[in-house]
Amino acid sequence: MSRSAHPAGPRHADVLPEGHYTAPPADLNLLDPKVWARTVARDGQGVATVGGLRVTDLAEEFGTPAYFLDETDFRTRCRAWAEAFGPDADVFYAGKAFLSRAVVRWLHEEGLNLDVCSGGELATALSAGMPAERIAFHGNNKSEEEILRAVEAGVGRIVLDSFQEIVRVAHIAHSLGKRQRVQIRVTVGVEAHTHEFIATAHEDQKFGIALAGGQAAEAVRRALKLDGLELVGIHSHIGSQIFDMAGFEVSARRVVQLLAEVRDEHGVELPEIDLGGGLGIAYTSADDPREPHEIAKALGEIVSRECEAAGLRTPRISVEPGRAIVGPTAFTLYQVGTIKPLDGLRTYVSVDGGMSDNIRTALYDAEYSVSLVSRVSDAEPMLTRVVGKHCESGDIVVRDAFLPADLAPGDLLAVPATGAYCRSMASNYNHALRPPVVAVRDGEARVIVRRETEEDLLRLDVG
(Lines give C-alpha, C1' and ligand atoms only; values in the text may rest on other atoms or scores of the structure.)
Protein backbone atom coordinates (compact mmCIF):
# COMPACT_ATOMS: atom_id res chain seq x y z
CA MET A 1 0.00 0.00 0.00
CA SER A 2 1.46 3.34 -0.99
CA ARG A 3 1.90 5.99 1.66
CA SER A 4 1.50 9.39 0.04
CA ALA A 5 1.65 12.61 2.03
CA HIS A 6 -1.44 14.73 2.58
CA PRO A 7 -0.18 18.30 2.20
CA ALA A 8 -3.43 20.16 2.80
CA GLY A 9 -3.40 20.24 6.59
CA PRO A 10 -1.73 23.10 8.51
CA ARG A 11 1.45 22.35 10.42
CA HIS A 12 1.77 24.95 13.18
CA ALA A 13 -0.20 26.67 15.92
CA ASP A 14 -0.60 30.03 14.22
CA VAL A 15 -2.98 28.47 11.67
CA LEU A 16 -4.94 26.28 14.04
CA PRO A 17 -8.61 27.14 13.53
CA GLU A 18 -9.39 25.85 17.02
CA GLY A 19 -8.00 23.43 19.57
CA HIS A 20 -5.42 23.29 22.32
CA TYR A 21 -2.14 22.30 20.72
CA THR A 22 0.46 25.04 20.45
CA ALA A 23 2.92 23.24 18.17
CA PRO A 24 3.61 19.78 16.79
CA PRO A 25 5.48 17.53 19.23
CA ALA A 26 9.20 17.23 18.65
CA ASP A 27 8.91 13.50 17.96
CA LEU A 28 5.67 12.02 16.63
CA ASN A 29 7.00 8.53 17.34
CA LEU A 30 7.47 9.11 21.05
CA LEU A 31 5.09 7.25 23.36
CA ASP A 32 4.99 9.46 26.45
CA PRO A 33 5.10 7.18 29.53
CA LYS A 34 2.98 9.71 31.41
CA VAL A 35 0.07 8.88 29.11
CA TRP A 36 0.63 5.23 28.17
CA ALA A 37 0.39 2.08 30.29
CA ARG A 38 3.55 0.87 31.95
CA THR A 39 4.52 -1.95 29.58
CA VAL A 40 3.83 -0.05 26.34
CA ALA A 41 6.94 0.53 24.21
CA ARG A 42 8.16 0.30 20.61
CA ASP A 43 10.12 -2.70 19.39
CA GLY A 44 13.16 -2.66 17.12
CA GLN A 45 10.95 -2.26 14.05
CA GLY A 46 9.06 0.66 15.55
CA VAL A 47 5.84 -1.25 16.21
CA ALA A 48 4.21 -0.49 19.56
CA THR A 49 4.02 -3.36 22.03
CA VAL A 50 2.13 -3.97 25.25
CA GLY A 51 3.07 -6.73 27.66
CA GLY A 52 5.66 -7.77 25.07
CA LEU A 53 3.09 -8.27 22.29
CA ARG A 54 3.05 -6.28 19.04
CA VAL A 55 -0.09 -4.30 18.31
CA THR A 56 -0.01 -5.54 14.72
CA ASP A 57 -0.27 -9.13 15.97
CA LEU A 58 -2.96 -8.17 18.48
CA ALA A 59 -4.98 -6.48 15.74
CA GLU A 60 -4.72 -9.55 13.56
CA GLU A 61 -5.86 -11.85 16.37
CA PHE A 62 -8.54 -9.74 18.04
CA GLY A 63 -9.54 -7.23 15.37
CA THR A 64 -10.16 -3.51 15.68
CA PRO A 65 -11.47 -1.49 17.33
CA ALA A 66 -10.48 -3.13 20.60
CA TYR A 67 -9.47 -2.10 24.09
CA PHE A 68 -6.16 -3.54 25.29
CA LEU A 69 -5.67 -3.48 29.05
CA ASP A 70 -2.24 -3.82 30.63
CA GLU A 71 -2.94 -6.15 33.55
CA THR A 72 0.49 -5.56 35.07
CA ASP A 73 -0.17 -1.83 35.12
CA PHE A 74 -3.62 -2.31 36.64
CA ARG A 75 -2.31 -4.50 39.45
CA THR A 76 0.62 -2.17 40.09
CA ARG A 77 -1.72 0.79 40.49
CA CYS A 78 -3.96 -1.19 42.85
CA ARG A 79 -0.97 -1.99 45.04
CA ALA A 80 0.25 1.61 44.95
CA TRP A 81 -3.12 2.88 46.24
CA ALA A 82 -3.35 0.18 48.91
CA GLU A 83 0.19 0.84 50.13
CA ALA A 84 -0.23 4.63 50.06
CA PHE A 85 -3.27 4.61 52.35
CA GLY A 86 -2.19 1.65 54.47
CA PRO A 87 -4.17 -0.63 56.77
CA ASP A 88 -5.87 2.22 58.65
CA ALA A 89 -7.79 3.46 55.60
CA ASP A 90 -9.95 1.91 52.89
CA VAL A 91 -9.55 2.10 49.13
CA PHE A 92 -12.73 1.35 47.16
CA TYR A 93 -12.26 0.92 43.42
CA ALA A 94 -15.08 2.79 41.65
CA GLY A 95 -16.53 0.09 39.44
CA LYS A 96 -18.40 2.56 37.22
CA ALA A 97 -15.08 3.39 35.52
CA PHE A 98 -14.80 -0.15 34.15
CA LEU A 99 -15.97 -3.41 35.63
CA SER A 100 -15.72 -7.03 34.61
CA ARG A 101 -15.40 -10.27 36.51
CA ALA A 102 -11.68 -10.42 35.76
CA VAL A 103 -11.25 -6.93 37.21
CA VAL A 104 -13.19 -7.94 40.33
CA ARG A 105 -10.85 -10.89 40.84
CA TRP A 106 -7.80 -8.66 40.41
CA LEU A 107 -9.16 -6.22 42.98
CA HIS A 108 -9.81 -9.03 45.44
CA GLU A 109 -6.32 -10.43 44.97
CA GLU A 110 -4.68 -7.01 45.37
CA GLY A 111 -6.62 -6.20 48.55
CA LEU A 112 -8.88 -3.40 47.31
CA ASN A 113 -12.56 -2.95 48.07
CA LEU A 114 -15.20 -2.25 45.44
CA ASP A 115 -17.75 0.51 44.99
CA VAL A 116 -20.80 -0.31 42.84
CA CYS A 117 -23.70 1.89 41.80
CA SER A 118 -26.23 -0.44 40.15
CA GLY A 119 -27.73 -3.88 40.44
CA GLY A 120 -25.72 -4.99 37.42
CA GLU A 121 -22.44 -3.90 38.97
CA LEU A 122 -23.41 -5.61 42.23
CA ALA A 123 -24.25 -8.83 40.35
CA THR A 124 -20.88 -8.71 38.58
CA ALA A 125 -19.04 -8.20 41.86
CA LEU A 126 -20.81 -11.03 43.66
CA SER A 127 -20.56 -13.45 40.74
CA ALA A 128 -16.77 -12.94 40.62
CA GLY A 129 -16.32 -13.67 44.31
CA MET A 130 -15.83 -10.24 45.86
CA PRO A 131 -16.73 -10.62 49.56
CA ALA A 132 -19.93 -8.67 50.15
CA GLU A 133 -18.52 -6.96 53.22
CA ARG A 134 -15.91 -5.30 50.96
CA ILE A 135 -18.57 -3.79 48.68
CA ALA A 136 -20.08 -0.31 48.97
CA PHE A 137 -23.34 0.43 47.16
CA HIS A 138 -23.89 3.92 45.73
CA GLY A 139 -26.60 5.49 43.59
CA ASN A 140 -29.10 8.33 43.74
CA ASN A 141 -32.16 6.20 42.94
CA LYS A 142 -31.59 2.61 44.06
CA SER A 143 -34.61 0.44 43.46
CA GLU A 144 -36.19 -1.63 46.22
CA GLU A 145 -35.01 -4.77 44.41
CA GLU A 146 -31.42 -3.48 44.31
CA ILE A 147 -31.49 -2.53 48.00
CA LEU A 148 -33.00 -5.88 48.94
CA ARG A 149 -30.29 -7.77 47.10
CA ALA A 150 -27.56 -5.63 48.64
CA VAL A 151 -28.84 -6.07 52.19
CA GLU A 152 -29.42 -9.79 51.71
CA ALA A 153 -25.90 -10.20 50.37
CA GLY A 154 -24.46 -8.30 53.35
CA VAL A 155 -22.72 -5.43 51.58
CA GLY A 156 -20.35 -3.54 53.82
CA ARG A 157 -22.06 -0.19 53.38
CA ILE A 158 -24.89 1.48 51.53
CA VAL A 159 -24.42 5.17 50.81
CA LEU A 160 -27.73 6.94 51.47
CA ASP A 161 -28.52 9.64 48.94
CA SER A 162 -31.93 11.03 49.97
CA PHE A 163 -34.45 11.22 52.79
CA GLN A 164 -36.63 8.67 51.02
CA GLU A 165 -33.73 6.27 50.78
CA ILE A 166 -33.05 6.49 54.50
CA VAL A 167 -36.53 5.12 55.15
CA ARG A 168 -36.39 2.66 52.25
CA VAL A 169 -33.13 1.01 53.34
CA ALA A 170 -34.14 0.99 57.00
CA HIS A 171 -37.46 -0.71 56.20
CA ILE A 172 -35.87 -3.40 54.03
CA ALA A 173 -33.10 -4.10 56.53
CA HIS A 174 -35.58 -4.28 59.42
CA SER A 175 -37.84 -6.66 57.47
CA LEU A 176 -34.84 -8.97 56.98
CA GLY A 177 -33.89 -8.78 60.64
CA LYS A 178 -30.66 -6.97 59.81
CA ARG A 179 -28.93 -3.74 60.77
CA GLN A 180 -27.37 -2.28 57.65
CA ARG A 181 -24.18 -0.22 57.84
CA VAL A 182 -24.72 3.07 56.01
CA GLN A 183 -23.11 6.40 55.23
CA ILE A 184 -24.90 9.60 54.28
CA ARG A 185 -23.75 11.33 51.13
CA VAL A 186 -23.67 15.08 51.66
CA THR A 187 -23.36 17.91 49.17
CA VAL A 188 -20.79 20.27 50.62
CA GLY A 189 -21.11 23.20 48.18
CA VAL A 190 -17.77 22.49 46.49
CA GLU A 191 -17.29 21.32 42.95
CA ALA A 192 -13.82 20.56 41.68
CA HIS A 193 -12.82 19.91 38.09
CA THR A 194 -9.17 19.67 37.16
CA HIS A 195 -7.49 22.90 38.31
CA GLU A 196 -10.42 24.92 39.66
CA PHE A 197 -13.06 24.71 42.32
CA ILE A 198 -15.95 26.97 43.12
CA ALA A 199 -17.30 26.93 46.66
CA THR A 200 -20.83 28.19 45.95
CA ALA A 201 -24.10 27.18 44.28
CA HIS A 202 -23.47 23.47 43.82
CA GLU A 203 -26.36 22.18 45.87
CA ASP A 204 -28.27 22.26 42.56
CA GLN A 205 -27.56 18.65 41.54
CA LYS A 206 -29.12 15.22 41.82
CA PHE A 207 -26.57 13.68 44.20
CA GLY A 208 -26.44 13.85 47.96
CA ILE A 209 -28.14 15.75 50.77
CA ALA A 210 -27.11 19.38 51.12
CA LEU A 211 -25.25 20.70 54.14
CA ALA A 212 -26.90 24.03 53.45
CA GLY A 213 -30.03 24.70 55.42
CA GLY A 214 -29.36 21.90 57.88
CA GLN A 215 -30.61 19.14 55.58
CA ALA A 216 -27.62 16.85 56.16
CA ALA A 217 -27.94 17.30 59.93
CA GLU A 218 -31.61 16.32 59.68
CA ALA A 219 -30.66 13.24 57.65
CA VAL A 220 -28.32 12.20 60.45
CA ARG A 221 -31.09 12.64 63.03
CA ARG A 222 -33.42 10.40 61.06
CA ALA A 223 -30.81 7.72 60.37
CA LEU A 224 -29.78 7.50 64.03
CA LYS A 225 -33.38 6.86 65.10
CA LEU A 226 -34.03 3.87 62.81
CA ASP A 227 -33.37 0.38 64.10
CA GLY A 228 -32.50 -1.02 60.66
CA LEU A 229 -29.56 1.33 60.16
CA GLU A 230 -26.08 1.60 61.64
CA LEU A 231 -24.82 5.03 60.67
CA VAL A 232 -21.04 4.75 60.40
CA GLY A 233 -20.00 7.88 58.54
CA ILE A 234 -20.36 10.74 56.10
CA HIS A 235 -19.60 10.58 52.39
CA SER A 236 -18.59 13.46 50.10
CA HIS A 237 -17.67 13.59 46.42
CA ILE A 238 -16.69 16.90 44.84
CA GLY A 239 -16.03 16.26 41.15
CA SER A 240 -13.84 14.50 38.64
CA GLN A 241 -10.46 14.73 36.90
CA ILE A 242 -9.11 16.69 39.88
CA PHE A 243 -5.43 17.65 40.15
CA ASP A 244 -5.65 20.39 42.80
CA MET A 245 -6.22 19.29 46.43
CA ALA A 246 -7.72 22.62 47.48
CA GLY A 247 -11.27 21.44 46.83
CA PHE A 248 -10.70 18.42 49.08
CA GLU A 249 -9.52 20.73 51.85
CA VAL A 250 -12.73 22.75 51.75
CA SER A 251 -14.83 19.59 51.53
CA ALA A 252 -13.06 17.90 54.45
CA ARG A 253 -13.43 20.99 56.61
CA ARG A 254 -17.18 21.08 56.05
CA VAL A 255 -17.64 17.35 56.60
CA VAL A 256 -15.65 17.51 59.85
CA GLN A 257 -17.84 20.43 60.96
CA LEU A 258 -20.84 18.16 60.46
CA LEU A 259 -19.15 15.40 62.47
CA ALA A 260 -18.63 17.89 65.30
CA GLU A 261 -22.29 18.93 65.16
CA VAL A 262 -23.32 15.26 65.34
CA ARG A 263 -21.13 14.77 68.40
CA ASP A 264 -22.47 17.85 70.09
CA GLU A 265 -26.13 17.02 69.41
CA HIS A 266 -26.15 13.24 69.72
CA GLY A 267 -23.05 12.38 71.74
CA VAL A 268 -21.84 10.18 68.86
CA GLU A 269 -18.55 10.38 67.00
CA LEU A 270 -19.06 8.75 63.62
CA PRO A 271 -16.03 6.57 62.87
CA GLU A 272 -15.75 6.97 59.07
CA ILE A 273 -15.35 9.67 56.45
CA ASP A 274 -15.34 8.97 52.71
CA LEU A 275 -13.87 11.70 50.52
CA GLY A 276 -14.90 10.06 47.25
CA GLY A 277 -12.84 9.85 44.10
CA GLY A 278 -12.37 11.99 41.01
CA LEU A 279 -8.57 12.05 41.05
CA GLY A 280 -7.20 13.00 37.64
CA ILE A 281 -5.01 11.14 35.16
CA ALA A 282 -2.86 12.21 32.22
CA TYR A 283 -4.84 12.13 28.98
CA THR A 284 -2.23 14.30 27.27
CA SER A 285 1.37 15.21 28.02
CA ALA A 286 0.16 18.53 29.45
CA ASP A 287 -1.64 16.82 32.36
CA ASP A 288 0.23 16.39 35.63
CA PRO A 289 -1.58 14.03 38.02
CA ARG A 290 -0.48 13.34 41.57
CA GLU A 291 0.85 9.99 42.73
CA PRO A 292 -1.19 7.92 45.24
CA HIS A 293 1.27 8.50 48.08
CA GLU A 294 1.03 12.26 47.56
CA ILE A 295 -2.77 12.10 47.60
CA ALA A 296 -2.82 9.90 50.71
CA LYS A 297 -0.45 12.22 52.57
CA ALA A 298 -2.41 15.33 51.61
CA LEU A 299 -5.82 13.90 52.50
CA GLY A 300 -4.55 12.45 55.77
CA GLU A 301 -3.06 15.78 56.82
CA ILE A 302 -6.22 17.68 55.87
CA VAL A 303 -8.55 15.40 57.86
CA SER A 304 -6.21 15.17 60.87
CA ARG A 305 -5.81 18.94 61.03
CA GLU A 306 -9.53 19.62 60.81
CA CYS A 307 -10.39 16.95 63.39
CA GLU A 308 -7.79 18.24 65.81
CA ALA A 309 -9.23 21.73 65.49
CA ALA A 310 -12.72 20.36 66.17
CA GLY A 311 -11.62 18.19 69.09
CA LEU A 312 -12.59 14.97 67.30
CA ARG A 313 -10.84 11.64 67.00
CA THR A 314 -9.59 11.21 63.44
CA PRO A 315 -12.06 8.93 61.62
CA ARG A 316 -11.10 6.13 59.26
CA ILE A 317 -10.67 7.59 55.77
CA SER A 318 -12.01 6.02 52.60
CA VAL A 319 -11.32 7.02 48.99
CA GLU A 320 -12.80 5.79 45.71
CA PRO A 321 -10.32 5.91 42.81
CA GLY A 322 -11.69 4.46 39.59
CA ARG A 323 -10.31 6.43 36.68
CA ALA A 324 -7.03 6.89 38.58
CA ILE A 325 -6.51 3.12 38.58
CA VAL A 326 -7.94 1.79 35.33
CA GLY A 327 -7.79 4.89 33.11
CA PRO A 328 -4.07 4.79 32.24
CA THR A 329 -3.94 0.99 31.94
CA ALA A 330 -5.72 0.65 28.58
CA PHE A 331 -5.63 2.01 25.06
CA THR A 332 -8.03 1.67 22.15
CA LEU A 333 -6.61 0.32 18.91
CA TYR A 334 -8.17 1.47 15.63
CA GLN A 335 -7.51 0.92 11.93
CA VAL A 336 -7.39 3.94 9.64
CA GLY A 337 -9.96 3.97 6.86
CA THR A 338 -10.72 7.20 5.00
CA ILE A 339 -8.28 10.13 5.00
CA LYS A 340 -9.79 13.43 3.89
CA PRO A 341 -7.61 16.57 3.64
CA LEU A 342 -9.42 19.91 3.93
CA ASP A 343 -7.35 22.64 2.35
CA GLY A 344 -6.15 25.21 4.88
CA LEU A 345 -7.93 23.54 7.79
CA ARG A 346 -6.90 20.03 8.77
CA THR A 347 -6.98 16.43 7.63
CA TYR A 348 -9.86 14.27 8.79
CA VAL A 349 -8.75 10.73 9.65
CA SER A 350 -11.61 8.26 9.95
CA VAL A 351 -11.15 5.10 12.02
CA ASP A 352 -13.25 1.97 12.41
CA GLY A 353 -14.71 2.96 15.79
CA GLY A 354 -15.83 6.27 17.23
CA MET A 355 -18.43 7.57 19.63
CA SER A 356 -19.85 4.08 20.20
CA ASP A 357 -16.61 3.06 21.92
CA ASN A 358 -15.58 6.49 23.28
CA ILE A 359 -18.41 8.95 23.87
CA ARG A 360 -16.36 11.17 26.17
CA THR A 361 -15.07 13.55 23.49
CA ALA A 362 -18.58 14.20 22.18
CA LEU A 363 -20.15 14.28 25.63
CA TYR A 364 -17.55 16.18 27.68
CA ASP A 365 -15.28 17.69 25.02
CA ALA A 366 -12.61 15.44 26.53
CA GLU A 367 -9.05 15.63 25.23
CA TYR A 368 -7.03 12.59 24.20
CA SER A 369 -3.70 11.78 22.62
CA VAL A 370 -3.27 9.54 19.58
CA SER A 371 -0.27 7.87 17.95
CA LEU A 372 0.56 5.88 14.85
CA VAL A 373 1.56 2.54 16.39
CA SER A 374 1.93 0.05 13.52
CA ARG A 375 5.17 1.70 12.35
CA VAL A 376 7.34 4.76 12.83
CA SER A 377 7.45 7.65 10.40
CA ASP A 378 9.85 10.45 9.54
CA ALA A 379 7.19 12.37 7.61
CA GLU A 380 6.27 15.93 8.49
CA PRO A 381 3.48 16.38 11.05
CA MET A 382 0.02 17.26 9.81
CA LEU A 383 -2.85 18.58 11.87
CA THR A 384 -5.62 16.00 12.01
CA ARG A 385 -8.99 15.37 13.55
CA VAL A 386 -9.50 11.68 14.29
CA VAL A 387 -13.15 10.84 13.78
CA GLY A 388 -15.35 7.77 13.86
CA LYS A 389 -17.65 6.11 11.36
CA HIS A 390 -20.99 7.09 12.90
CA CYS A 391 -23.64 9.33 11.38
CA GLU A 392 -22.96 12.30 13.67
CA SER A 393 -20.81 15.35 12.99
CA GLY A 394 -19.86 15.23 16.67
CA ASP A 395 -18.42 11.73 16.27
CA ILE A 396 -14.91 12.82 17.21
CA VAL A 397 -12.31 10.66 18.94
CA VAL A 398 -9.43 13.16 19.13
CA ARG A 399 -10.31 16.74 18.27
CA ASP A 400 -6.87 18.07 17.30
CA ALA A 401 -3.75 15.96 16.95
CA PHE A 402 -0.59 15.94 14.88
CA LEU A 403 0.05 12.72 12.97
CA PRO A 404 2.59 11.89 10.23
CA ALA A 405 1.71 13.27 6.81
CA ASP A 406 2.28 9.86 5.21
CA LEU A 407 -0.57 8.30 7.18
CA ALA A 408 -2.48 5.83 5.01
CA PRO A 409 -5.51 3.55 5.12
CA GLY A 410 -4.67 0.36 6.97
CA ASP A 411 -2.36 2.05 9.48
CA LEU A 412 -3.08 1.40 13.13
CA LEU A 413 -3.72 4.27 15.53
CA ALA A 414 -3.95 3.95 19.29
CA VAL A 415 -5.61 6.29 21.75
CA PRO A 416 -4.14 5.89 25.26
CA ALA A 417 -5.82 6.37 28.65
CA THR A 418 -9.14 4.87 27.56
CA GLY A 419 -9.48 2.38 30.41
CA ALA A 420 -12.03 4.49 32.28
CA TYR A 421 -15.58 5.14 31.08
CA CYS A 422 -15.00 4.20 27.44
CA ARG A 423 -16.16 0.58 27.51
CA SER A 424 -18.48 1.36 30.43
CA MET A 425 -20.28 4.02 28.37
CA ALA A 426 -20.04 2.21 25.04
CA SER A 427 -23.19 1.89 22.95
CA ASN A 428 -24.67 0.19 19.90
CA TYR A 429 -25.31 3.45 18.09
CA ASN A 430 -25.82 2.72 14.38
CA HIS A 431 -25.96 -0.91 15.54
CA ALA A 432 -22.21 -0.87 16.07
CA LEU A 433 -20.80 -3.90 17.83
CA ARG A 434 -19.14 -3.00 21.11
CA PRO A 435 -15.41 -3.83 21.08
CA PRO A 436 -13.74 -6.49 23.20
CA VAL A 437 -11.53 -5.85 26.20
CA VAL A 438 -8.32 -7.83 25.97
CA ALA A 439 -6.04 -8.20 28.99
CA VAL A 440 -2.33 -8.44 28.20
CA ARG A 441 0.29 -9.67 30.63
CA ASP A 442 3.80 -11.12 30.26
CA GLY A 443 3.49 -12.02 26.61
CA GLU A 444 -0.01 -13.44 26.82
CA ALA A 445 -3.33 -11.92 25.79
CA ARG A 446 -6.82 -13.06 26.70
CA VAL A 447 -10.28 -11.69 26.14
CA ILE A 448 -12.00 -10.64 29.38
CA VAL A 449 -15.01 -9.03 27.69
CA ARG A 450 -15.72 -10.47 24.26
CA ARG A 451 -16.62 -8.52 21.15
CA GLU A 452 -20.33 -8.29 20.47
CA THR A 453 -21.66 -10.10 17.42
CA GLU A 454 -24.57 -9.50 15.10
CA GLU A 455 -26.20 -12.49 16.77
CA ASP A 456 -26.05 -10.61 20.09
CA LEU A 457 -27.89 -7.67 18.56
CA LEU A 458 -30.52 -9.79 16.86
CA ARG A 459 -31.10 -11.93 19.96
CA LEU A 460 -32.42 -8.87 21.79
CA ASP A 461 -34.61 -7.82 18.87
CA VAL A 462 -37.74 -9.91 19.42
CA GLY A 463 -39.89 -8.08 16.88
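This report covers strand pairing, one helix and several loop residues in a predicted model.

**Parallel pairing around S16**

Strand S16 covers residues 316-319 and has two parallel partners described here. Strand S5, residues 89-94, joins S16 through three bridges. Within that pairing, Ala 89 is the bridge partner of Ile 317. Strand S15, residues 272-274, also pairs with S16 in the parallel sense, over three bridges. There, Glu 272 has Arg 316 as its bridge partner. From S15 the chain passes through helix H9, residues 292-310, before reaching S16. This β-α-β crossover is right-handed.

**A three-stranded antiparallel sheet**

Strands S1, S2 and S3 form an open sheet in that order, with antiparallel pairing. S1 (41-42) and S3 (53-54) are the edge strands, each pairing on one side only. S2, residues 48-50, meets S3 over two bridges. Thr 49 has Arg 54 as its bridge partner in S3. Strands of a sheet pair through backbone hydrogen bonds, either parallel or antiparallel.

**Helix H8**

Helix H8 runs over residues 246-266. Does its length fit, or what span should its 21 residues give at 1.5 Å a residue? The expected span is 30 Å, and the end C-alpha atoms are 30 Å apart, so the two agree. Buried residues in H8 include Phe 248, Val 255, Leu 258 and Leu 259. Small residues are on the buried list too, among them Gly 247, Ser 251 and Ala 252. Just after the helix, Gly 267 takes a positive phi of about 70 degrees.

**Loop residues**

Three loop residues are buried; the cut-off is under 20% relative accessible area.

| Residue | Loop | Relative accessible area |
|---|---|---|
| Asp 411 | between S21 (396-404) and S22 (412-416) | 1% |
| Ala 417 | between S22 and S23 (437-441) | 0% |
| Tyr 421 | between S22 and S23 | 16% |

Asp 411 makes a contact through its side chain: a polar atom there lies 2.8 Å from the backbone nitrogen of Ala 408. Ala 417 has a positive phi of about 60 degrees, although it is not a glycine. Tyr 421, another residue other than glycine, has a positive phi near 70 degrees.

One peptide bond also stands out for its geometry. Thr 64 and Pro 65 are joined by a cis peptide bond, with omega about -10 degrees. Pro 65 sits in the loop between helix H1 (55-62) and strand S4 (66-70).

Definitions and conventions: Residues are numbered from 1 along each chain as its sequence is written. This is a predicted model: local features need pLDDT of at least 70, side-chain atom pairs count only at pLDDT 80 or more; totals for chains, interfaces and linings use all residues. Side-chain values use heavy atoms; hydrogens and water are left out. Two strands pair if DSSP finds at least two bridges between them. Helices (H or I, at least four residues) and strands (E, at least two) are DSSP runs, numbered from the N terminus. A crossover is right-handed if, with the strands pointing away from the viewer, the path from the first strand over the helix to the second runs clockwise. The expected span of a helix is 1.5 Å times one less than its number of residues. Buried means under 20% relative accessible area, exposed over 50%, partly exposed in between (1.4 Å probe, protein chains only). A polar contact is a pair of N or O atoms within 3.5 Å; within protein, one must be able to donate a hydrogen and the other to accept it, and residues adjacent in sequence count only if both atoms are side-chain atoms.
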